[in-house]
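Trainee: Could you show me how to read aromatic ring pairs and cavities in a protein model? I would love to go through an example together.
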Amino acid sequence: MSRAKRVTIADIARLAGVSPGAVSFALNGRPGVSEQTRQRILDIAEAHQWQPSSAARALVGSRAGVVGFAVNRPARTLGTEAFFTDLIAGVQSALGARRMSMQMVLVSSIEEEMATYRRWRSANQVDGVIVIDPHDDDPRLTLLTELPLPAVVIGSRPSAADEPAAIWLDDRRAAHSLFDYLAALGHSRIAYVSGPGEFQHTRMRAEVLGELSARGVAGETLVTDFSPAAATSATRALLSRAERPTAIVYDNDVMAIAGLRVAQEMDVAVPSVLSLASFDDSVVTGLVHPSITCLTRDTFALGEGAAEFLLEQIETPEVLPARSGPLPELTIRESTAAPR
């Protein structure tokens, strides 16, 4: 196909072996085609650098009525994390009230996530995106500003002047509330079993734990991938040492429950010998025995607030000021006590 000729929907339809209507559904993120067909059409469109014409946009309107959410997490962990279930439910609740939809895709790397944003922007598939798990010097934030593509980042700090708007959670304050409580109980050896180390919230939580050395607390961070299997392995290694930690804190509820199972397997009494806690809460943490001390936050409200914030940002050419998200509260349950 000649590079001088503008690629049309009809060209893409011919190359994909489908109707122009199916191509339109795929490019606009609408139901009506299988996921396999949609991906084939998107790959062809990207390979030929297809872009919608201004005339076509004028006919159908400049808005797609869709919000994008690209998630760079292992697919297996998403099914077990209550955080994502509650977050997505909150987002969908806010979007449904405005008769908008969400297109969610799983990606395996930041590079793939950035390519998804470029594709969405070039094809006018989404009106804006929600971004999670920001890093320091995050290239995604620079790209979204350059495209430009309206975005709201769910992060651990307010947005900088050259970044997309952020709805932020004070992770330093939250980490202090949990780690300080354990130190006040008398724990002098605390382990933190975290998610990936490049995430801002992981770094902040680890920093807060390190600051407790001034109070005589020896802190240690073990980085994992958020999975129960990784939490199980890390906990078993910690409890196999001659000098065990007296408390272990996990990044999410499922990891904490996996850690509790290991303690029971190794006949380490919770909480008389070992205290356990989690940075995330769910219904399950209150049902297991012993029930698990957690930081409790309204994740549904966080998702709802992020979606509403993004809809405002889509309507505004200037980047909106950062907003704070729901403050977490420490919920004390049976899994924590003074060390024996």
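Mentor: Let's begin with a group of rings. In this predicted model, F179, Y192 and F279 form a cluster linked by ring pairs.

Trainee: How is a pair of rings described?

Mentor: Two things describe a pair of aromatic rings: the distance of the centres and the angle of the planes. Take F179 and F279: their ring centres are 5.7 Å apart and their planes stand at 80°, so this pair is edge-to-face.

Trainee: Where in the chain do F179 and F279 lie?

Mentor: F179 belongs to helix 9 (residues 171–185), while F279 sits in the loop between strand 9 (275–278) and strand 10 (293–296). They are 100 residues apart, and the pair links distant parts of the chain.

Trainee: Is F279 buried or exposed?

Mentor: The relative accessible area of F279 is 0%, so F279 is buried. F179 also counts as buried, because its relative accessibility is 0%. Buried here means under 20%.

Trainee: Which charged end sits over the ring of F279?

Mentor: That of R205, which lies 4.1 Å from the ring centre.

Trainee: How many aromatic pairs are there?

Mentor: The count is six aromatic pairs. One of them joins Y117 and W120: with centres 6.1 Å apart and planes at 50°, the pair is tilted, because the angle falls neither under 30 degrees nor over 60. Both Y117 and W120 are buried. They lie three residues apart in helix 7 (residues 110–122), so about one helical turn separates them.

Trainee: Now for the cavities. How many are there of 30 Å³ or more?

Mentor: There are two. The largest cavity holds about 280 Å³ of space, and 21 residues line it. R73, F83, D133, H201 and R205 are the lining residues that lie nearest its centre. You have met R205 already, with its charged end over the ring of F279.

Trainee: Which helix gives the largest share of that lining?

Mentor: Helix 10, with three residues. Helix 6 (82–97), strand 4 (151–155) and helix 10 (200–211) each supply at least two residues of the lining of the largest cavity.

Trainee: What classes of residue line the largest cavity?

Mentor: Its lining has eight nonpolar, five polar and eight charged residues.

Trainee: And what about the second largest cavity?

Mentor: The second largest cavity has about 70 Å³ of space. Its lining includes P134, L141, V153, R157 and Q200. By class, that lining has six nonpolar, four polar and two charged residues.

Conventions: Residues numbered from 1 in each chain as written. Predicted model: local features only at pLDDT ≥ 70, side-chain atom pairs only at ≥ 80, totals over all residues. Heavy atoms only, no water. Phe/Tyr/Trp six-rings, centres within 6.5 Å; stacked < 30°, edge-to-face > 60°. Helix = DSSP H or I, 4+ residues; strand = E, 2+ residues; numbered from the N terminus. Buried < 20%, exposed > 50% of the residue type's maximum accessible area, 1.4 Å probe, protein only. Lys NZ or Arg CZ within 6 Å of the ring centre and 35° of its normal. 1 Å grid on protein atoms, 1.4 Å probe; cavity = no way out; pocket = protein on both sides within 12 Å on 5 of 7 lines; lining within 4 Å. Points joined across faces, edges and corners; volume = space filled by probe spheres on them. Nonpolar A, V, L, I, M, F, W, Y, C, P; charged D, E, K, R; others polar.
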